[in-house]
Amino acid sequence: MRKAVVTGGSGGIGEAICRRLAEDGYYVYAGFSSSKEKAEKIAAETGGEAVKLDVSSSEDILSASEKVGTADLLVNNAGISEIELFTGISKEKSRAIMEINLVGAMNCARAFLPAMIRRKSGCVINISSMWGQVGASCEVDYSASKAGLIGFTKALAKEVAPSGIRVNCVAPGFIMTEMNSRFSAEELELIREEIPLGIFGEPRHVADAVSFLASGRAEYITGQILAVNGGMVV
Ligand code: NAP
């Protein structure tokens with residue numbers, strides 16, 4: 001059975017990705033950092049497994065990669081965000097954003113790739129953001145981390161393509177999850193008016209893009225950024 005690892009599998013988008021990949025026939029490892037019960041519930045309902053995988057912890061990454069063995073698919077989805085002025089954000093928060101969103105994804109790929117390279121097949125999908133494409137005011141550190149994921153995707157795709165591994169990126173727009181629970185109803189309405197399709201994205205929209213990029217239908221696609229944003233950034 002093909003194996004997929006989803007970091008941040010306990011979150012809104014991560015859960016949808018785990019469920020979709022399980023439907024696609026993968027044995028799914030739902031990675032979690034703090035939400036163990038949620039990850040275990042998702043794993044129980046999808047026939048997979050929850051795995052402790054704080055992407056800022058070298059120990060967690062090593063133990064998860066040893067537990068999984070050879071993965072067919074790694075989805076780097078774990079992420080945090082912060083809305084604050086660039087000049088006001090603490091160095092600790094800034095570092096955490098980079099460590100989790102960008103360095104964590106790179107370290108997970110570094111841990112899971114050698115087995116894929118030995119087998120000469122595999123797939124890595126990084127979850128970036130439209131703000132990594134165009135930048136967001138008051139989310140400068142977040143935007144920088146997500147832009148970094150885009151550069152990482154393109155460069156890694158070139159490096160591992162000769163080993164039969166594809167690396168792609170999904171750049172979601174505004175998706176209704178816990179990450180956006182900080183917005184008031186009035187703020188949400190103003191944001192919605194900016195979305196050409198007129199509706200917020202749902203986690204399943206991102207999961208569908210991941211499912212496609214992981215599938216044989218995308219076998220000639222690598223190093224690409226697939227935007228899932230209702231037309232908000234084109
Ligand atoms: P969410 O519901 O807040 O979930 C965040 C996930 O990240 C949780 O599973 C959380 O795990 C995990 N996480 C946080 N710190 C971690 C760490 N140190 N190690 C491992 N996992 C960690 O957010 P979401 O909306 O589903 O976001 C998922 C991804 O999509 C993120 O990368 C985000 O930047 C990106 N994205 C989201 C949107 C959006 O509008 N929602 C738009 C563009 C991109 P625990 O709960 O177990 O700690």
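This is a short walk through the pockets, the ligand and the one cavity in this structure.

Hi everyone, thanks for coming. Before we start, please keep in mind that we are looking at a predicted model.

Let's begin with the largest pocket. It holds about 1,000 Å³ of space. Its lining runs to 44 residues, and those nearest the centre are Gly 79, Ile 80, Ser 81, Thr 177 and Met 179. If you want to find it by secondary structure, the elements that each give two or more residues to the lining are helix H1 (12-23), strand S2 (27-32), helix H5 (130-134) and helix H6 (140-160). Of these, H1 supplies the largest share, with 3 residues. Sorted by class, the lining has 21 nonpolar residues, 18 polar ones and 5 charged ones.

So what takes up the space of the largest pocket? The ligand does. Two elements give two or more residues to the shell around the ligand, namely H1 and H6. The shell has 30 residues, and the closest are Ile 13, Ser 34, Ser 35, Tyr 142 and Thr 177. By class, 13 residues of the shell are nonpolar, 14 are polar and 3 are charged.

Now let's zoom in on some contacts with oxygen atoms of the ligand. At Ser 33, a backbone N or O atom lies 2.8 Å from a ligand oxygen. Ile 175 also uses its backbone: an N or O atom there lies 2.9 Å from an oxygen of the ligand. With Tyr 142, the side chain takes part, and one of its N or O atoms is 2.6 Å from a ligand oxygen. How much of the ligand's accessible area does the protein cover? The ligand has 900 Å² on its own, and the protein covers 90% of that.

On to the second largest pocket, with about 160 Å³ of space. Ile 175, which we just met at the ligand, is also one of the lining residues here. Others in this lining include Phe 174, Ile 195, Leu 197, Phe 200, His 205 and Asn 229. By class, there are 7 nonpolar and 4 polar residues, and no charged ones.

Last stop: the cavity. The count comes to 1 cavity of 30 Å³ or more, and its volume is about 30 Å³. Which residues line the largest cavity? They are Glu 82, Glu 84, Ile 89, Ile 97, Cys 138, Glu 139, Val 140, Asp 141 and Tyr 142. H6 provides the largest share, 3 residues. By class, this lining has 5 nonpolar and 4 charged residues, and no polar ones.

One residue to take home is Tyr 142. Its side chain makes that 2.6 Å approach to a ligand oxygen, and Tyr 142 is also in the lining of the largest cavity. H6 is worth a second look as well: this helix gives residues to the lining of the largest pocket, to the shell around the ligand and to the lining of the largest cavity.

That's my tour, and I'm happy to go back to any part of it.

Note on methods. Residues numbered from 1 in each chain as written. Predicted model: local features only at pLDDT ≥ 70, side-chain atom pairs only at ≥ 80, totals over all residues. Heavy atoms only, no water. 1 Å grid on protein atoms, 1.4 Å probe; cavity = no way out; pocket = protein on both sides within 12 Å on 5 of 7 lines; lining within 4 Å. Points joined across faces, edges and corners; volume = space filled by probe spheres on them. Helix = DSSP H or I, 4+ residues; strand = E, 2+ residues; numbered from the N terminus. Nonpolar A, V, L, I, M, F, W, Y, C, P; charged D, E, K, R; others polar. Near = heavy atom within 4 Å. Polar contact = N/O pair within 3.5 Å; in protein donor to acceptor, adjacent residues only side chain to side chain. Areas by Shrake-Rupley, 256 points an atom, 1.4 Å probe, with all protein chains shown as cover. Sits in = over half its atoms within 2 Å of the grid points.
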